[in-house]
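This text walks through one protein structure, beginning with a pair of strands and moving outward. Keep the sequence and the model in view while reading.

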Amino acid sequence: MATLSLRGPAGSSSLSLRPRRAAARPDLRLRPVRITAAIGGDGAVCEPDLRVRVNGLEMPNPFVIGSGPPGTNYTVMKRAFDEGWGAVIAKTVSLDAAKVVNVTPRYARLRAGSNGSAKGPIIGWENIELISDRPLETMLNEFKQLKEEYPNRILIASIMEEYNKDAWQELIERVEATGVDALEINFSCPHGMPERKMGAAVGQDCTLLEEVCGWINEKATVPVWAKMTPNITDISQPARVALKSGCEGISAINTIMSVMGIDLNTLRPEPCVEGYSTPGGYSARAVHPIALGKVMQIAKMMKTEFGNTDCSLSGIGGVETGGDTAEFILLGANTVQVCTGVMMHGYGLVNKLCAELKDFMRKHNFSSIEDFRGVSLQYFTTHTDLVKRQQQAIRQRKAVRKGLQSDKEWTGDGFVKESESMVSN
Ligand SMILES: Cc1cc2nc3c(=O)[nH]c(=O)nc-3n(C[C@H](O)[C@H](O)[C@H](O)COP(=O)(O)O)c2cc1C
């Protein structure tokens, strides 16, 4: 087992790349496998290997910049590559940025502590930001420049269009021409765009979703990830539709529809723009348990219905620590995305994330991400089954407490326990 060089992107050794859609990807499965001790041939303990290969894309670690402000222009995406992020997903682009008009302020935060005390740590973040308001041509030039400067790093374009086949296919053609490695489809923006039958308006309507995915997969030649909205009763339904329609991966979750709060002095909602507001998307640590729940639902569906394929899953929502990451991976995620965490802590966060994930792996003797991916999925069951298991356990405990019913029940192997079961002090 090779020890990784610590130079290069966070958690990386050298990489070779540039897979296309048809690349063979036999080694990626949603399967709980285990457990190889991280010991090299010479007996030395090896450095945990954070590298992932997902839909043929090779990344130095599973940490991906989630679409949003941290991937909004050349300067910040370059910064992300330089700091060592495993991949970057750019801010969502569409054909006509002139239709995208943002307002300011467009963020509002929730702090822990009583009544959102100004001193508590930030646990929730609401935004009413739209997709990129920068001209498409500018963004495309920047994608091209980044791919020229970082040919071995993974750049994913996030795209969204109106309900129009030609528009979607033109966007795909122009974006792919820049050399991006994959596409993430934003079927999930909860504010602004649904008014134009975009974003969550598609992700919440399986019939529409199937049709639009058909247009996309007919055209795309690089892997396609469908980004899901949590603002739906059963997130596994649109995820299933996207995979059946040919998408290679699912990303979940986008932000949760929310109202951050009301200013109790002015009686106006936040974020307040000229005295008014509109519901926005909730993110950051507070959404992490909800994101885990949604990812668990999708992963179970994928394991049951797509277990023999190489479909991938990218977990998103409230990741700020290596532990948050491990949780998504234990549920079956191949990668995790971070958006608000980068807005709060900066691009250097990836180094802390890698170090903490490696600590977790060392603790359990996991040598690779695949060693523990999906392992915790098996421990979810129905409530009815929990009741059955508990009743059985109680019956067993009672039986042990009662001791042996007759001398013929003594065994050689359980002799000491059997003796203890009949002691009173
Ligand atoms: C300010 C802001 C802007 C965002 N813009 C986009 C976007 O353009 N496209 C998209 O797919 N998701 C967008 N998102 C959603 C994030 O990519 C992510 O799905 C969500 O915030 C949850 O992850 P987090 O808790 O790490 O932020 C945005 C999130 C924030 C906070």
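**From one strand outward**

Asn 127 has Gly 281 in β14 as its bridge partner. The model in which this pairing is seen is a predicted one. The two strands concerned are β6 and β14, the latter made up of residues 280-283, and three bridges hold them together in the antiparallel sense. Asn 127 also has a residue across from it in another strand: Tyr 107 stands opposite Asn 127 in β6. This second pairing belongs to strand β5, residues 107-111, which runs antiparallel to β6 and is joined to it over five bridges. Another pair of facing residues is Arg 109 and Trp 125, the latter in β6.

These pairings are parts of an open sheet. Four strands make up the sheet, in the order β5-β6-β14-β11, and their pairing is antiparallel. The edges are taken by β5 and β11, each of which has a single partner strand, so one side of each has no neighbour in the sheet. On average, and with direction ignored, neighbouring strands of this sheet are turned by 35° against each other.

A second sheet is closed rather than open. Eight strands form a barrel, in the order β3-β4-β7-β8-β9-β10-β15-β16, with parallel pairing. The average turn between neighbouring strands here is 25°, direction again ignored. One pair of barrel strands can be followed in detail. Strand β9 (residues 224-227) and strand β10 (residues 249-252) run parallel and are joined by three bridges. Lys 227 has Ser 251 in β10 opposite it.

Some details of the backbone come next. Where does Pro 105 lie? Pro 105 is found in the loop between β4 (87-89) and β5, and the peptide bond that joins Thr 104 to Pro 105 is cis, with omega about 0°. Another cis peptide bond links Ala 252 and Ile 253, here with omega about 15°. Ile 253 has its place in the loop between β10 and β11, the latter spanning 256-258. A further detail concerns Ala 284, a residue other than glycine whose phi is positive, near 85°. Ala 284 lies in the loop between β14 and α7.

The helices can be taken in pairs. Two packed helices are described by the angle between their axes and the distance between the axes. For helix α1 (residues 74-83) and helix α2 (residues 136-149), the angle is about 25° and the axes are 10 Å apart. An angle under 35 degrees counts as roughly parallel, and α1 and α2 are therefore roughly parallel to each other. The crossing of α1 past α2 is right-handed. On the α1 side the contact involves Tyr 74, Met 77 and Lys 78, which meet Glu 142, Gln 145 and Leu 146 in α2. Sorted by class, the residues of this contact are three nonpolar, one polar and two charged.

The other pair is helix α6 (residues 236-244) with helix α7 (residues 288-306). Their axes come within 9 Å and cross at roughly 40°. Are these two helices roughly parallel or oblique to each other? The angle is not under 35 degrees, nor does it fall within the ranges for roughly perpendicular or roughly antiparallel; α6 and α7 are therefore oblique to each other. Their crossing is right-handed. From α6, Ser 236, Ala 239, Arg 240 and Leu 243 take part in the contact, and they meet Gln 297, Ile 298, Met 301, Glu 305 and Phe 306 in α7. The residues of this contact comprise five nonpolar, two polar and two charged.

The last stop is the ligand. Which residues come nearest to the ligand? Out of the 27 residues around it, these are Gly 66, Gly 68, Ser 283, Cys 339 and Thr 340. The strand β6 (122-127), met at the start, supplies at least two residues of the shell around the ligand, and so does α9 (340-345). Polar residues number 14 in this shell, alongside 10 nonpolar and three charged ones.

Key:
Residues are numbered from 1 along each chain as its sequence is written. This is a predicted model: local features need pLDDT of at least 70, side-chain atom pairs count only at pLDDT 80 or more; totals for chains, interfaces and linings use all residues. Axes are lines fitted to C-alpha atoms, for helices over the stretch in contact, and angles run from 0 to 180 degrees between N-to-C directions. Angles under 35 degrees count as roughly parallel, over 145 as roughly antiparallel, 65 to 115 as roughly perpendicular and the rest as oblique. A crossing is left-handed if the near helix is turned anticlockwise from the far one by less than a right angle, and right-handed if clockwise. Two residues are in contact if their C-beta atoms, placed from the backbone, lie within 7 Å. Ala, Val, Leu, Ile, Met, Phe, Trp, Tyr, Cys and Pro count as nonpolar, Asp, Glu, Lys and Arg as charged, and the others, Gly among them, as polar. Two strands pair if DSSP finds at least two bridges between them. A residue is near a molecule or strand if its C-beta atom, placed from the backbone, lies within 6 Å of it.
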